[in-house]
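Hello,

Here is the structure I promised to pass on, with the sequence alongside. Have a look at it first, and then read on for my notes.

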Amino acid sequence: MKSLVLAYALISYALFGVVFVWLAAFLHNVGDLRGPASRPAVDAALINLALILLFGVVHSVMARPAFKRVWTRVIPPASERATYVLQSSLLLGLIIWQWQPMPAIIWQVEGSAVWIFYGASALGAVIILVATFLLGHFEFVGLSQAWHNLRDTPTPPATFRTPSLYRVVRHPLQFGLLIMMVATPVMTLGHLIFVVAMAVYIAIGLRFEERALLREFGAAYAAYQRDVPMLIPNPFRRSRGSVHGAP
C-alpha cells in the first residue's frame with residue numbers, strides 16, 4: 001500500500017506538470033488552441049463561468065482543515081496532498097478542454113513588443129515555481145508526504161517561514177499566476193473573463209486560507225499580515241520589522 005501511495009503521488013505530480021504547460025499554451029492560444037467561437041457569447045460566458053465556479057468550489061472545500069480531517073478517514077493521510085493536487089490538475093484541465101472561445105479582441109500588441117508580454121508571462125511562471133520551492137516543492141505537490149510514509153518516518157510539522165519572495169507578498173504563487181494570466185499580447189473577451197473570474201476566486205480563496213493560517217500560527221502570522229501585502233507588492237510600504245522566517 002505504501003508503495004502504491006508513492007506511485008499515486010508521482011502520477012499526480014506528472015499530471016500537474018502536464019497541465020501547467022497546457023495552461024501556458026492555453027493562455028497564449030498556442031496553435032489556435034482555443035479555436036473559433038462556436039456558441040453565442042452569453043452561452044459561452046455562462047459555461048466558462050460555471051467551469052471556473054466548479055474549480056473554485058472543489059478547490060476551496062478540499063483545502064479546508066475540517067474537510068481534510070474527514071477526508072483522511074477515507075483515504076490514507078499520506079495521499080491527501082497528492083489527491084488535492086490531482087483534483088486541481090483535473091479540474092483545471094477540464095476548464096482548458098471545455099473552454100468556450102470568445103474571440104472578440106480587447107487589445108492586441110504586435111511587433112517586437114510582444115516579447116515584453118511573453119517575457120512577463122514567463123516571469124510569472126518562474127515566480128510560481130520558485131514560490132513552491134521556497135517552502136518545499138515536494139511537500140507542496142504531495143511527494144514528501146508519500147516518501148515519508150514509505151520510509152515510516154514522520155512528516156515534519158508545518159513551520160512559519162518567510163523566505164525571499166514571501167517578504168515581498170504573502171502569496172507569491174498567486175501573484176505569479178496573475179502575471180502569467182494577464183501578460184498576453186492578445187487579450188480576447190474569453191481570456192479577460194478567465195482572468196477576472198480566476199482573480200475573484202483567488203481573492204476569495206486567500207481570505208479563507210489566511211484565516212486558517214492565523215489559527216495555525218497565531219500572533220506571528222498576524223504580524224506578518226501587518227508587515228507584508230497579501231497579493232500585490234507595494235514598493236513604497238516600509239517594513240515594521242515584524243516578518244519572521246529564514247533569511
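Below is what was found, grouped by topic.

Please keep in mind that this is a predicted model, and that every value below was computed from it.

**Aromatic pairs**

Let me begin with the rings. A search through the whole structure turns up 14 aromatic pairs. One of these is made by Phe26 and Phe194, whose ring centres are 5.6 Å apart; their planes stand at 70 degrees, so this pair is edge-to-face. Because Phe26 belongs to helix α1 (residues 2–27) and Phe194 to helix α9, the pair ties together parts that are 168 residues apart in sequence. Both Phe26 and Phe194 are buried.

Another pair to look at is Phe160 with Tyr221. Their ring centres lie 5.8 Å apart and the planes are at 65 degrees, so this pair, too, is edge-to-face. The two rings link distant parts of the chain: Phe160 is in the loop between α7 (143–150) and α8 (172–182), whereas Tyr221 is in helix α10 (residues 219–227), 61 residues apart. Phe160 has a relative accessibility of 18%, so it counts as buried. Tyr221 is also buried, at a relative accessible area of 2%.

There is an aromatic cluster as well, formed by Tyr13, Phe16, Phe20, Phe133 and Phe138.

**Charges over rings**

Phe26 has a second partner. The charged end of Arg34 sits over the Phe26 ring, 5.4 Å from its centre. A similar arrangement involves Arg211 and Phe208: here the charged end of Arg211 sits over the ring of Phe208, 5.4 Å from its centre.

**Salt bridges**

How many salt bridges does the structure hold? There are two.

In one of them, the side chains of Asp152 and Lys2 meet at 2.1 Å, N to O. Asp152 is in the loop between α7 and α8 and Lys2 is in helix α1, so this bridge ties together parts that are 150 residues apart in sequence. Asp152 is exposed, with a relative accessible area of 59%, while Lys2 is partly exposed at 32%. The backbone of Asp152 also deserves a glance: its phi is near 60 degrees, a positive value in a residue other than glycine.

The other bridge joins the side chains of Glu210 and Arg170, at 2.8 Å, N to O. Glu210 is in helix α9 and Arg170 is in the loop between α7 and α8, so the parts tied together here are 40 residues apart in sequence. Are these two partners buried or exposed? Glu210 is buried, with a relative accessible area of 5%, and Arg170 is buried too, at 9%.

**The second largest pocket**

Next comes a pocket. The second largest one holds about 240 Å³ of space. It is lined by 18 residues, and those closest to its centre are His28, Asn29, Arg34, Val186 and Thr188. Two elements, β2 (186–188) and α9 (189–217), give two or more residues each to this lining. Sorted by class, the lining has nine nonpolar, seven polar and two charged residues.

Two of the residues closest to the centre come up elsewhere in these notes. Arg34 is the residue whose charged end sits over the ring of Phe26. Asn29 has a positive phi of about 50 degrees although it is not a glycine. Asn29 lies in the loop between α1 and α2 (41–63), and at 25% relative accessibility it counts as partly exposed.

**Two distances along the chain**

Finally, here are two C-alpha separations that you can check in your viewer. Leu214, found in helix α9, is partly exposed with a relative accessible area of 32%. The C-alpha atoms of Leu214 and Tyr224 are separated by 10.0 Å, and these residues are 10 apart along the chain.

Pro76 is placed in the loop between α3 (65–71) and α4 (80–98). Pro76 is partly exposed, with a relative accessible area of 32%. Between the C-alpha atoms of Pro76 and Ala50, which are 26 residues apart along the chain, the separation is 31 Å.

Happy browsing, and do write back with any questions.

Best wishes

Definitions and conventions: Residues are numbered from 1 along each chain as its sequence is written. This is a predicted model: local features need pLDDT of at least 70, side-chain atom pairs count only at pLDDT 80 or more; totals for chains, interfaces and linings use all residues. Side-chain values use heavy atoms; hydrogens and water are left out. On a 1 Å grid over the protein atoms alone, a cavity is a set of points where a 1.4 Å probe fits but cannot get out, and a pocket is an open set with protein on both sides within 12 Å along at least five of seven lines; lining residues have an atom within 4 Å of a point. Grid points are joined across faces, edges and corners, and a volume is the space filled by probe spheres set on the points. Helices (H or I, at least four residues) and strands (E, at least two) are DSSP runs, numbered from the N terminus. Ala, Val, Leu, Ile, Met, Phe, Trp, Tyr, Cys and Pro count as nonpolar, Asp, Glu, Lys and Arg as charged, and the others, Gly among them, as polar. Rings of Phe, Tyr and Trp (its six-membered ring) pair if their centres lie within 6.5 Å; planes under 30 degrees apart count as stacked, over 60 as edge-to-face and the rest as tilted. Buried means under 20% relative accessible area, exposed over 50%, partly exposed in between (1.4 Å probe, protein chains only). A charge sits over a ring if NZ of Lys or CZ of Arg is within 6 Å of the ring centre and within 35 degrees of the ring normal. A salt bridge is a side-chain nitrogen of Lys or Arg within 4 Å of a carboxyl oxygen of Asp or Glu.
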